[in-house]
Amino acid sequence: MGNVFDLLDDEWRRLSRDRGAARRLRSVCAAAGGALSLADIERFVRAAHPEDADRVLLALVARAIEREQLAARVLLQLLLPGTRTLARRWWALGEADERAAAAVTAVYHRICHYPLARRPGRVAANILTDAAHELRRAVPRLMSFPSADPAGQIVEYLAAARAA
């Protein structure tokens, strides 16, 4: 069994071709240039000009905050590259699988609780930034931010503990 990213990618391979799923998100498909599948939505967003991509992300997040789980899942898939970056960056959260799960949870939480009325643009950047803040709050106080040299930081902490 792989990590949470592998599981999400496996699920997406099946879900992205499901035309019934695309029909449930008809308004999102229309915003994505008349997409016929979730894979078409993904291709549109990845290739689109930022304003056009944001229009699709806004349509997805609007549905997600109304408890449409499929819209939240599609938006999560579109944000997986940034979510993977968050998981790599926050090494202090534990092993790779723990970091992956924490990053996915934080991003999904931000998708479902996105303040659309207050922040009606730059959806991807806002969600990933908010998720990074959640992850930072989850790091133990001793390690409050990632370091370019985690091993060196640990050595400093151990030296400080010995001196105390």
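In the predicted model, A39 touches W12 and S16 when residues up to four places away in sequence are not counted. This alanine is located in helix α4, which spans residues 38-47. With a relative accessibility of 13%, A39 falls under the 20% limit and is therefore classed as buried. A further spatial relation links A39 to D18: the two residues lie 21 positions apart along the chain, and their C-alpha atoms are separated by 8.9 Å.

The surroundings of A39 belong to a helical architecture. The protein contains ten helices and zero strands, and the order of elements along the sequence reads α-α-α-α-α-α-α-α-α-α. Of the 164 residues in the protein, 44% are buried. The exposed area amounts to about 9200 Å², of which carbon and sulfur atoms supply 56%. Contacts between residues at least 6 apart in sequence were also examined; 64% of these join residues at least 24 apart.

Nonpolar side chains in soluble globular proteins tend to be buried together. In the present model, the largest nonpolar core comprises 52 residues, and I41 and L60 are the members that touch the most others. With residues up to four places away in sequence left out, the contacts of I41 are V28, C29, A32, A35, V56 and V74. One of these partners, C29, has a relative accessible area of 5% and is consequently buried, given the 20% limit. C112 is likewise assigned to the buried class, because its relative accessibility of 16% is under 20%. Zero disulfides are present in the structure.

Another partner of I41 is V74, which is listed among the buried residues of helix α6. This helix covers residues 69-78, and because nine of its ten residues are buried, α6 is largely enclosed by the rest of the structure. The buried set consists of L70, A71, A72, R73, V74, L75, L76, Q77 and L78; thus R73 and Q77 are included in it alongside leucine, alanine and valine residues. At the start of α6, a polar approach is found between E68 and L70, in which a side-chain oxygen of E68 comes to within 3.1 Å of the backbone nitrogen of L70. L70 itself is one of the buried residues of the helix.

Methods: Residues numbered from 1 in each chain as written. Predicted model: local features only at pLDDT ≥ 70, side-chain atom pairs only at ≥ 80, totals over all residues. Heavy atoms only, no water. Buried < 20%, exposed > 50% of the residue type's maximum accessible area, 1.4 Å probe, protein only. Helix = DSSP H or I, 4+ residues; strand = E, 2+ residues; numbered from the N terminus. Polar contact = N/O pair within 3.5 Å; in protein donor to acceptor, adjacent residues only side chain to side chain. Contact = heavy atoms within 4.5 Å. Areas by Shrake-Rupley, 256 points an atom, 1.4 Å probe, with all protein chains shown as cover. Core = buried A, V, L, I, M, F, W, Y, C linked by side-chain atoms within 4.5 Å. Disulfide = S-S within 2.5 Å.
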